[in-house]
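Reader: I am new to reading protein structures. Could you walk me through a few features, one at a time?

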Amino acid sequence: MGSGYLKRITFDQNGLVPAIAQQHDSGEVLMMAWMNREAVQETLQTGRVCYWSRSRAALWRKGESSGNIQRLVELRLDCDGDTLLVLVDQTGPACHTGRHNCFFTAIREGSPEIISEVEIPPEEMYGAKEPEA
C-alpha cells in the first residue's frame with residue numbers, strides 16, 4: 001500500500017488528527033482519540049486500530065491492555081481531511097471505564113446524567129495495569 005493517502009490528511013501542529021471510532025454495523029459512536037502518521041499507517045497495514053496516546057506519548061494499540069480490540073473495517077476522511085472516521089468492529093467495551101462507549105454522560109436540563117452502566121469493571125479489564133486512554 002502506498003502512502004499517498006497521508007498527503008490527504010491534515011495533521012495539526014503536534015502531528016495529530018482526531019479519530020472518531022464508530023461501530024461499523026450499528027453506527028454507534030464509540031470513542032474519540034488521536035492518531036499520528038505512524039498510527040494511521042499501522043492501522044491500515046495490520047487491520048487492528050492503533051492510536052496515539054498523548055498522556056503516554058506513545059502508540060496505543062486499542063485493546064493491548066484490556067483485550068477489547070478494534071478491528072478496522074474502513075478508514076474515512078472528512079471533507080477537509082482534518083478528522084478521521086474509523087469504522088470498527090469493537091470487541092467488548094470501548095471505554096476504559098468499562099462502558100460500551102465513551103459518551104455515557106448526557107447533559108439533560110443543564111445537568112450531567114450517567115446514561116449507561118459499566119459492563120466490565122475496569123479492575124477486571126486491567127487488573128493492576130494502567131487503563132487505556
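Author: We will go through strands, turns, salt bridges, rings and the surface in turn. Please keep in mind that this is a predicted model.

Reader: Let's begin with strands. Which way do β1 and β2 run, and how many bridges join them?

Author: For strands in general, one idea helps: in a regular strand the side chains alternate between the two faces of the sheet. Here, β1 (residues 17–23) and β2 run antiparallel and are joined by six bridges. One facing pair to look for is Gln22, which stands opposite Val29 in β2. Five residues lie between the two strands of this hairpin, and Gly27 has a positive phi near 85° there.

Reader: Where else can I see a hairpin, and what is the phi of Glu109 in it?

Author: Look at β7 and β8, which pair in the antiparallel sense over four bridges. Their hairpin has two residues between the strands, and Glu109 takes a positive phi near 50°. Glu109 is not a glycine, yet its phi is positive. With a relative accessible area of 87%, Glu109 is exposed. Beside this turn, Arg108 stands opposite Ser111 in β8.

Reader: Which residue in the loop between β3 and β4 should I look at?

Author: Try Ala57, which sits in the loop between β3 (50–53) and β4 (58–61). Ala57 has a positive phi of about 55°, although it is not a glycine. Its relative accessible area is 53%, so Ala57 counts as exposed.

Reader: Now for charges. How many salt bridges does the structure hold?

Author: The general idea is that side chains of opposite charge can pair when their charged atoms come close. A search of the whole structure finds four salt bridges. One of them joins Glu42 and Arg61, with the closest N and O atoms 2.7 Å apart. Because Glu42 lies in helix α1 (residues 37–46) and Arg61 in strand β4, this pair ties together parts that are 19 residues apart in sequence.

Reader: Are Glu42 and Arg61 buried or exposed?

Author: Glu42 is buried, at 16% relative accessibility, while Arg61 is partly exposed at 30%.

Reader: Which other salt bridges can I find?

Author: Glu74 pairs with Arg76, their closest N and O atoms being 2.5 Å apart. Glu74 is partly exposed at 34% relative accessibility, and Arg76 is partly exposed at 41%. Glu113 pairs with Arg108, and there the closest N and O atoms are 3.2 Å apart. Glu113 is partly exposed at 37%, as is Arg108 at 43%.

Reader: What about rings? How many aromatic pairs are there?

Author: The structure holds one aromatic pair. The rings of Tyr51 and Trp60 have their centres 5.2 Å apart and their planes at 45°, so the pair is tilted. Tyr51 and Trp60 are both buried. Another ring to visit is that of Phe104: Arg99 lies over its face, at 4.0 Å from the ring centre.

Reader: Which residues form a nonpolar patch on the surface?

Author: Val29, Met32 and Phe103 form one, with about 260 Å² of accessible area together. You have met Val29 already: it is found in strand β2 (residues 29–35). At 35% relative accessibility, Val29 counts as partly exposed.

Reader: Last one: how far apart are Cys79 and Gln90 in sequence and in space?

Author: They are 11 residues apart in sequence and 25 Å apart in space, C-alpha to C-alpha. Cys79 lies in the loop between β5 (70–77) and β6 (84–90), and at 79% relative accessibility Cys79 is exposed.

Conventions
Residues are numbered from 1 along each chain as its sequence is written. This is a predicted model: local features need pLDDT of at least 70, side-chain atom pairs count only at pLDDT 80 or more; totals for chains, interfaces and linings use all residues. Side-chain values use heavy atoms; hydrogens and water are left out. Patches are made of residues with over 30% relative accessible area and no salt bridge: like charges are joined within 9 Å, nonpolar side chains (Val, Leu, Ile, Met, Phe, Trp, Tyr) within 5 Å. Accessible areas come from the Shrake-Rupley method with a 1.4 Å probe; for residues, only the protein chains shown count as cover. A salt bridge is a side-chain nitrogen of Lys or Arg within 4 Å of a carboxyl oxygen of Asp or Glu. Buried means under 20% relative accessible area, exposed over 50%, partly exposed in between (1.4 Å probe, protein chains only). Two strands pair if DSSP finds at least two bridges between them. Rings of Phe, Tyr and Trp (its six-membered ring) pair if their centres lie within 6.5 Å; planes under 30 degrees apart count as stacked, over 60 as edge-to-face and the rest as tilted. A charge sits over a ring if NZ of Lys or CZ of Arg is within 6 Å of the ring centre and within 35 degrees of the ring normal.
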